Amino acid sequence: MALGAHTVVVLTDGEPTSGETGSGALCKLAHELGVPVSTVGVCLSSRGRSLLEKIATATGASSNFSDLKSTPDDGEASSISGMAAAAC
């Protein structure tokens, strides 16, 4: 699927904060609508990384990850901003 006029960019630590929605339903809906879901992960567990890769791949988009394990400083925040911009 080629990137179209609309792309969703998800910036997350991959951890649920209130309930969990199955990624299968999200991927199916995004695919049906032709909307790629690019993911940018920060401070991820291996489970979170796997989930974001699955979502991006299933919707024809890319996934990007930061190796940060704690709150970013200004330089690291700029790097994360760059990853989010590149995802578009």
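**Figure 1. Val-40 sits in strand β2.** Helices here are DSSP runs of H or I with at least four residues, strands are runs of E with at least two, and both are numbered from the N terminus. With 0% relative accessibility, Val-40 counts as buried; buried means under 20% relative accessible area, exposed means over 50%, and partly exposed is in between (1.4 Å probe, protein chains only). Val-40 and Ser-66 are 26 residues apart in sequence, yet their C-alpha atoms are 7.8 Å apart in space. A word on what you're looking at: this is a predicted model, where local features need pLDDT of at least 70 and side-chain atom pairs count only at pLDDT 80 or more, while totals for chains, interfaces and linings use all residues. Residues are numbered from 1 along each chain as its sequence is written, and side-chain values use heavy atoms, with hydrogens and water left out.

**Figure 2. The whole chain: three helices and three strands.** Walk along the sequence and you get the pattern β-α-β-α-β-α. The protein chain has 88 residues, and 30% of them count as buried. Take the contacts between residues at least 6 apart in sequence: 72% of them join residues at least 24 apart. Contact here means heavy atoms within 4.5 Å.

**Figure 3. The open sheet, with its three strands in the order β1-β2-β3.** The pairing is parallel, and two strands pair if DSSP finds at least two bridges between them. Out at the edges are β1 (8-12) and β3 (63-65), each pairing on one side only. From one strand to the next, the twist averages 15°. Angles run from 0 to 180 degrees between N-to-C directions, and axes are lines fitted to C-alpha atoms, for helices over the stretch in contact.

**Figure 4. Strand β1 next to β2, and the helix that packs on the sheet.** Strands β1 and β2 (residues 37-41) run parallel and are joined by five bridges. One pair to look for: Thr-12 has Gly-41 of β2 as its bridge partner. Helix α2 (residues 46-58) packs on the sheet and touches β1, β2 and β3. The direction of α2 makes about 160° with that of β2.

**Figure 5. Helix α1 against helix α2.** The axes of α1 (residues 23-33) and α2 come within 9 Å and cross at roughly 20°. The two helices are therefore roughly parallel to each other; angles under 35 degrees get that label, while over 145 is roughly antiparallel, 65 to 115 roughly perpendicular and the rest oblique. The crossing is right-handed, as the near helix is turned clockwise from the far one by less than a right angle (anticlockwise would be left-handed). On the α1 side, the contact is made by Ser-23, Leu-26, Cys-27 and His-31, and on the α2 side by Leu-51, Lys-54, Ile-55 and Ala-58. These contact residues divide into five nonpolar, two polar and one charged. Ala, Val, Leu, Ile, Met, Phe, Trp, Tyr, Cys and Pro count as nonpolar, Asp, Glu, Lys and Arg as charged, and the others, Gly among them, as polar.

**Figure 6. Leu-29 in helix α1 and Gly-60 in the loop between α2 and β3.** Leu-29 is partly exposed, with a relative accessible area of 48%. C-alpha to C-alpha, Leu-29 is 9.3 Å from Thr-59, with 30 residues separating the two in sequence. Gly-60 is partly exposed too, at 33% relative accessible area. Gly-60 and Pro-36 are 24 residues apart along the chain, and 5.7 Å separates their C-alpha atoms.
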